[in-house]
Amino acid sequence: MAETMRADAGRSRGPKASKDELLGYYRQMLLIRRFEERAGQLYGMGLIGGFCHLYIGQEAVVIGMQAAMAEGDQVITGYRDHGHMLACGMEANGVMAELTGRSGGYSRGKGGSMHMFSREKNFFGGHGIVGAQVSLGTGIAFANKYRKNDAVCVAYFGDGAANQGQVYESFNMASLWKLPVVYIVENNQYAMGTAVQRSSSETHLYKRGVSFNIPGEEVDGMDVVAVREAGRKALARARKGDGPTLLEMKTYRYRGHSMSDPAKYRTREEVDEVKAHRDPIDHVKALLIELGHADEEALKEIDRDIRAIVTASAEFAQQSPEPDAGELMTDILVGA
Amino acid sequence: MSLQILMPALSPTMEEGNLAKWLVKEGDAIAPGQIIAEIETDKATMEVEAVDEGVIEALLVPEGAQGVKVNTPIAELRNDDTASPSPLRGGSAAEPPGRGADVTSADSPPVAKTDPSPARPPPPTPSPQGGGGLSADPEIPAGTQMVKITVRDALRDAMAEEMRRDRDVFVIGEEVAQYQGAYKVTRGLLEEFGSDRVVDTPITEHGFAGLGAGAAMAGLKPVVEFMTFNFAMQAIDHIINSSAKTLYMSGGQITNPIVFRGPNGAASRVAAQHSQDYSSWYAHVPGLIVIAPYDAADAKGLLKAAIRNPNPVVFLEHEMLYGTEFEIPDVPDWIVPIGKAKVRRVGRDVTITAHARMVGFALKAAELLAADGIDAEVIDLRTLRPLDTATVIESVKKTSRLVTAEEGWGRMGVGAEICAAVVAEAFDYLDAPPTRVHQIDSPLAYAANLEKLAMPNETNIVEAVKAVCYRR
Ligand SMILES: Cc1ncc(C[n+]2csc(CCOP(=O)(O)OP(=O)(O)O)c2C)c(N)n1
Ligand SMILES: [Mg+2]
C-alpha cells in the first residue's frame, strides 16, 4: 500500500495567504480540475485519441509553484502536462484543441496531449519520454546562467521518472555549475502500476540529491500555500546563484495512469481516503469559508465562470478544423 | 423510465471489447458507483460503474460475449426517478470514467438483442491446416491441427514454454509482473514462475538493458521487455555497444544470449515520440539478429527460436497486431527458423516484400490487385537480419517487378536494402525500376487526418504495384 499522509497532520494554517491569493488559487485549481474532467469526457467520446494523462488531484503543485515564480521563469514537464500549461497562463481553448488534434491547438494538432509548447508563456513542454525533461530543464537553466538573465527553470518529473539515470547526471552538473533550476518531484506514489516502494530503494525522494549536495525538502503537495512557500525559498536560492533545490511534493493522482489503466494496483478505499481528507481544492475552499473570505454563493459563482471557460474550450476544440494536409511536411527543418 | 447502459470506449485502440463478467443480474437494484460489469479491452480488464440508480431490467449482452462494439447498449435500467431525467445514460468505467456524459440520449435506436450464446466464449475450435490460409504452409506437416490464438497470447506462450524448458530464461522489464504487462503480453507469467524470474523494474531502461546484457555475459538468458521500442532509445547503447559487439571484441569468448522485445512502430494517435519504427536502425548493426513477425505462428515460433539462440536478438512486435487472432499449429514445440522469409501468397506478376504489420496490408493489396488481374507474390521477410535476400531474388526472377513495403521511413530503410540486393543480383530480370512504399518523411503527427496521410497502407501498395506494372 502506498504511503499516505493524513491531511491535517502536517497541514499548517499559516503561512497565511491573503484573501485574493486564496481566491486566485481556488479559481486556478478548479480550472485545471474541470478542464481535466472535460478532457476525460471527450476521450470517452472518441474526440481525443492516443494517450491522455489527467492531472486531477495534483493541482496544488503547479498552482503553488506558479504563485512563487517570477516573470520570465520557465517550466518544463512530462506528458501529464495539461495542468502545467493552464498554470502557465496558456489558453484553455488552445490546449483543448491540441487534445482533439485541431489546427487551433498550441502545436497546430501535431503534438497532442503529451507534446505541447508555448514560447510566449515560457512553457517548454510536454515530453513523452520519461525523465527527458530533467536534462532538458537543466539545459534551460544552463542557458539562463550563460545569459545571466536572472530566470530560473522549474523542472517537474514523477516519482517513476526519478529512477532514470539522466536525472542524476543532470543533478550532478546542475549542482557542480550552480545552475538556476528547481527540481520538483511530483510524488503521486505510483508510476503506472508501480508503487514507489516497489521501484525505489530510497522512498524519500527529496533525499535523492544528497550525494550531489542538492538540498531537498518534503512538501505537502496537496496544500497550495505550503507548496508556494517551499517554492519561494528554492527559487530565491537558485536566483542567487546557489544552485538547484529538490522539492518532493507528496501528492496523489485520482484517476488511472492514462485513460486505459484499470488501476487495480490500489484500493478504492485508498483513493477515497485521499479524496475525502486531502483534496487540495476542498482544502482551500474550507480555508476561504473558515476565514470568512467567501461564502458558498461566491464560490458557486467562481464555479460557474470556470465551467463556462471549460465548456467554451470544448466547443472550440470540436469546431476548430483539422490541420491542413500541407502541415504534414512543415516544421521538419527551419527554412526548408 | 428505461435507460440504456452503453459499451464504453476505454483505450486508444478500442473499437470493441468483451463482456467478461456481469456482476449484477436482471432484477437487481443498483446504485450509482456500483460496479456492474467487467469489460476486457485489448489491454486490460476494466470495471464498469453504474452512473444512474435503478433496477436492471435486462442484460442485453450475455456474459462472455466477444467483440461488443463501443456504444452498443449492454443493459437496460429501469429508473423511476422520472422527475429528474438526467442526461447521463449508462455506464462509465470505474477508474477512469469511460464514456462521458452527453454521449447519447435515452431514445437511441432500439437494439437487437444479442442472441443468448453460452456465457463463456467457446473453446478454440481446432480446424485442419489450410482453412482460411492462402497457400498451404510447407513448414507445417500436412494434417496438423490448427488452433486460433492472438499474437499476444502466442508471444506469452513462447516465453512460458521456454521458461519451463530452461531455468536460465527470465523476463525483466517495466510492469511485466504484477501489472501483467503494459500490453498484457506477459499475462500469467508471474503467477507461474514467481518474482525471481519475472522481474518488475523501475523506469530505467538504460540500467536494466545493461543489467540484462551483463546477466547474459554471465550465462543467463534474459528476455528484456521494453514497454515500447521508443523507450529502448534510452538503452540503445547497451543493445549495440554491449550486446552486439562483445562476442567480436572478446575474440569469441563472451556470448550474449539475450532477447530485447516489445512493441515497435506506430500505434494509434500516440504522436511522434511514441510512434517510431526501428526496423532499419537495428537491422543496420552487425552482431544483432533482428526479427519482426506478422502472424501468431511466426510470433511464437520465432520468439522461441530467439530465446534459444546464443546471440543477441532484437524482437520487434507490433501493438496493432497483439489482439489479432491467427491460426497456429497445435504442436508441442513450435519453432520457426530464424533468417528465412516466407512466401505468403504465390503470384507471377509482381513481388511485394513486407514485414510485421505491413504484411497484412500487402495481402490486402494483393486481393485488390487480383480483382484487377494482377497476380502478386507476397513475401513476409520475418527476419530482417540476416535478411533472406535469396527468397526475394528468386521471386523477382520470376515476376520481374518489385515493390517493397515498410511502416518506417524510407530513407536508408529496409526497402532500400532489398532494392540494392535485387538490383545487384537480378538486374537483368527487372522489367521496371523497383519501388518503395513507406511512411512519409516526417515525424508522425498526432492529428487524426495527418497521421492517416503519413502512414502507408494497402492503397499505397496497390498504387506502387500498378506503377511498376505500368498499369495506371
Ligand atoms: C523512457 C520511457 N519509459 C517508459 C515510458 C512509459 N511510461 C510513461 S509514463 C510512465 C510512468 C511514469 O510515472 P511517474 O514518473 O511517477 O509519473 P506520473 O505518471 O505518476 O505522473 C511510464 C512507465 C516512457 N514514456 N518513457
Ligand atoms: Mg508517479
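**Note on the predicted two-chain model with ligand 1**

1. In chain B, strand β15 is joined to strand β17 (residues 313-317) by 5 bridges, and these two strands run parallel; helices (H or I, at least four residues) and strands (E, at least two) are DSSP runs numbered from the N terminus, and two strands pair if DSSP finds at least two bridges between them. Within this pairing, Gly262(B) stands opposite Leu316(B) of β17(B). Strand β15(B) also takes 3 bridges from strand β14 (residues 221-225) of chain B, again in a parallel run, and here Glu225(B) is placed opposite Arg261(B). Strand β15(B), which spans residues 259-263, is mostly covered, with 5 of its 5 residues buried, where buried means under 20% relative accessible area, exposed means over 50%, and partly exposed lies in between (1.4 Å probe, protein chains only).

2. Before going further, the basis of the values should be clear: this is a predicted model, in which local features need pLDDT of at least 70 and side-chain atom pairs count only at pLDDT 80 or more, while totals for chains, interfaces and linings use all residues. Residues are numbered from 1 along each chain as its sequence is written, chains are lettered from A and ligands numbered from 1 in the order in which they are written, and side-chain values use heavy atoms, with hydrogens and water left out.

3. A second arrangement in chain B is an open sheet of 4 strands, in the order β1-β8-β6-β3 and with antiparallel pairing. Its edge strands are β1 (2-6) and β3 (29-30) of chain B, each of which pairs on one side only. Strand β1(B) is joined by 5 bridges to strand β8 (residues 73-78) of chain B, the two running antiparallel, and Leu3(B) stands opposite Leu77(B) in β8(B).

4. The site of ligand 1 is shared between chains, because residues from chains A and B surround the ligand. Of the 22 residues around ligand 1, those that come nearest are Tyr79(A), Arg80(A), Ala161(A), Asn188(A) and Glu205(B), a residue being near a molecule or strand if one of its heavy atoms lies within 4 Å of it. By class, this shell has 10 nonpolar, 8 polar and 4 charged residues; Ala, Val, Leu, Ile, Met, Phe, Trp, Tyr, Cys and Pro count as nonpolar, Asp, Glu, Lys and Arg as charged, and the others, Gly among them, as polar.

5. Which side chains make polar contacts with ligand 1 (pairs of N or O atoms within 3.5 Å)? An N or O atom in the side chain of Arg80(A) is 2.7 Å from an oxygen atom of ligand 1, and a polar side-chain atom of Asn188(A) lies 2.8 Å from an oxygen atom of the ligand. From chain B, the side chain of Glu205(B) has an N or O atom 2.4 Å from a nitrogen atom of ligand 1. The protein covers 95% of the 580 Å² of accessible area that ligand 1 has on its own, the areas coming from the Shrake-Rupley method with a 1.4 Å probe.

6. If a disulfide is taken as a pair of cysteine sulfur atoms within 2.5 Å, the count comes to 0 over all chains. Cys153(A) is in no disulfide, and the nearest cysteine sulfur, that of Cys88(A), is 10 Å away; Cys153(A) counts as buried, at 0% relative accessibility. The sulfur of Cys469(B) is 15 Å from the closest cysteine sulfur, in Cys419(B), which is too far for a bond, and Cys469(B) also counts as buried, at 14% relative accessibility.

7. Some backbone values deserve a careful look, because most residues other than glycine have a negative phi, and most peptide bonds are trans. The peptide bond from Gly125(A) to Gly126(A) is cis, with omega near 25 degrees, and Gly126(A) lies in the loop between α4 (92-99) and α5 of chain A. The bond from Arg385(B) to Pro386(B) is likewise cis, with omega near 0 degrees, and Pro386(B) is in the loop between β22 (383-385) and α10 (389-399) of chain B.

8. Arg269(B), in the loop between β15 and α6 (279-283) of chain B, has a positive phi of about 60 degrees although it is not a glycine, and Arg269(B) counts as buried at 12% relative accessibility. Arg382(B) has a positive phi near 60 degrees; Arg382(B) is found in the loop between β21 (376-380) and β22 of chain B and counts as buried at 0% relative accessibility.

How values were computed:
Polar contact = N/O pair within 3.5 Å; in protein donor to acceptor, adjacent residues only side chain to side chain.
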